[in-house]
Amino acid sequence: MTEALVFLAAAVVCVPIAARLGLGSVLGYLIAGAAIGPWGLRLVAEVEATQNLAELGVVLMLFVIGLELDPRRLATMRRNVFVGGGIQLGLCGTVLGAALLLLHLPWQAALVGGLALALSSTAIAVQAMNERNELQTPTGQSTFGVLLFQDIAAIPIIALVPFVGHMDTSSGQPMWMRLAIAVGAVAGVIVIGRYLTRPVMRLIAQTNLRELFTGFALLLVIGIAELMSLAGLSMGLGAFLAGVLLAGSEYRHALESDIEPFKGLLLGLFFISVGMSIDFGLLGSQPGRVVVLLVAFLLLKIVSLWAVARSLDMCRQAWLFAFLLSQGGEFAFVVFGTARQASVFSRDTEALMTIVVALSMATTPLLLVFHDRFIARNAKQERDPDRPEPVGPVIIAGFGRFGQIVGRLLLASGVRAVVLDHDADQVESLRKFGYKVFYGDATRLDLLHTAGAANARLLVNAIDNVEDSVKLVERVRANFPNLPIVSRARNVSHYYELRIRGVNVVERETFESALKAGRAALEALGEDRYRAKELADAFRRHNIASVDATLAFYQDEGRRMNAAKQGREELERQFARDRERFEREHGGGGNAGTGWK
């Protein structure tokens, strides 16, 4: 508990200061880690144990990213992933490996070191893009595609180290067996994600216990990550694959909103652990050497990344792409440790390269500040087409008998909609008919954020439960005051509750259908069709006016009942006057023989 208190206090103090100075949250976490680590106040000594726990933050982050990429969209990214990622790794690895050769390292160390340094930090790059709202832009998609390829390539790079070093591999498993285990693990993730997860989540959703759903979400992600780890693969890659398989699920938004708080905390812990791992003793004993190596590494990698972006026309913002990927990655630490065990790196080489990678992570927020202040300002016209589009122009909350009619009309008219409903059986049934419906309680603020309420043009409140409907309006008005609302009202009381909360467009769900039934009853009793329509229209106008007139004293039941009684009497007198005028104009034959007068 003491260490948890230290971590939270350090983050609460350092991150807001860094954000206030425009340096971003990542640098704030790194500073917090350096302050409480072995080279700072020494409040936390077990850096390795912290890193093992913090790695779950990266795993959860990749799972959430996978939820946002359905397989069809991922297929459209194949050029960025395989072509862009392959060329980036090859070019950066070659340039950095050649530089290491010039430092008189053996070719084995230069090969492994060059490939390891070519990798970038998924956690830092994605966090920076999220803060800047860049992840859905062409630049963000190109960057993420390259990061995804790097995560895939990290596995063979780690496997390559023993073959170029002196580690004894005769006692280990043969390569064909390791590949078979890896393929089996990936196949297992696909089976779990595609065929087993959704039925289990549907059963859990039917219990209406949110904490149980959250627990299953964590169990799913951590279990798949552990499965991939046992197979010798990246835990993050397994989590990402599971997210992709669930991206088209109706539970996508609920999973994302439940995982988000844990992801944020653990990802912050990961950045703190990186700050704790920086060896300031080496920086103090060899400051010139460390600074020269850091600057040379950043320059070579940034120029190489810029060349890749320009040559492949991957994105309009080549410099932003280069700065986002300029740092060393988390997998570099793993590669360096494996290289040390295989005698590819000496202890001094490992320590030197580790601090260079750690410091490069700290420079990324500073490079992005430099980009925004000097490069982006001069390239504003180029940046405009690269902005993201809203998640969807309309959110429909509740997709029962009322919401379906509204949704079908909008969808048939080509209007994109994010549909939320908390009835698991209803969601499953509607998805069989091709509707894009997601499971989740629309009154939850985190789910509204995930569904894109901040960018939506309209919210259709079609929730059946009156209490939940009013709660949704209150939450939206408090957090998204500019979001227009069209709402359903079950009755007059519900209508009043919505109107006094600022909803101007409210439709009583049975009002129009009841009027139509009344018109049919008049016609069945012998009334002229045109006359029946006139009576119904007059009733509609009078009813709406009287209901709106009583809105001011809705909570005063006595005044409201008196007003309703007076309104009914006035309506009867108005209809009587209209009937007398109608009979004079038509010779008194308007209702002959009907018997209802």
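Which helix does Leu-91 lie in?

## The nonpolar patch

Leu-91 lies in helix H5 (helices are DSSP runs of H or I with at least four residues, strands are E runs of at least two, both numbered from the N terminus). This is a predicted model, where local features need pLDDT of at least 70 and side-chain atom pairs count only at pLDDT 80 or more, while totals for chains, interfaces and linings use all residues. Residues are numbered from 1 along each chain as its sequence is written, and side-chain values use heavy atoms, with hydrogens and water left out.

Leu-91 joins Phe-82, Val-83, Ile-87 and Ile-152 in a nonpolar surface patch, together showing about 390 Å² of accessible area (Shrake-Rupley, 1.4 Å probe, only the protein chains shown counting as cover for residues). To be in such a patch, residues need over 30% relative accessible area and no salt bridge, with nonpolar side chains (Val, Leu, Ile, Met, Phe, Trp, Tyr) joined within 5 Å and like charges within 9 Å. H5, residues 78-102, chips in the most, with 4 residues.

## Salt bridges

You'll find 13 salt bridges here (a Lys or Arg side-chain nitrogen within 4 Å of an Asp or Glu carboxyl oxygen). One of them pairs Asp-258 with Arg-444, at 2.7 Å from N to O. That pair ties together distant parts of the chain, 186 residues apart: Asp-258 sits in helix H12 (252-277), and Arg-444 in the loop between strand S3 (437-439) and helix H21 (445-451).
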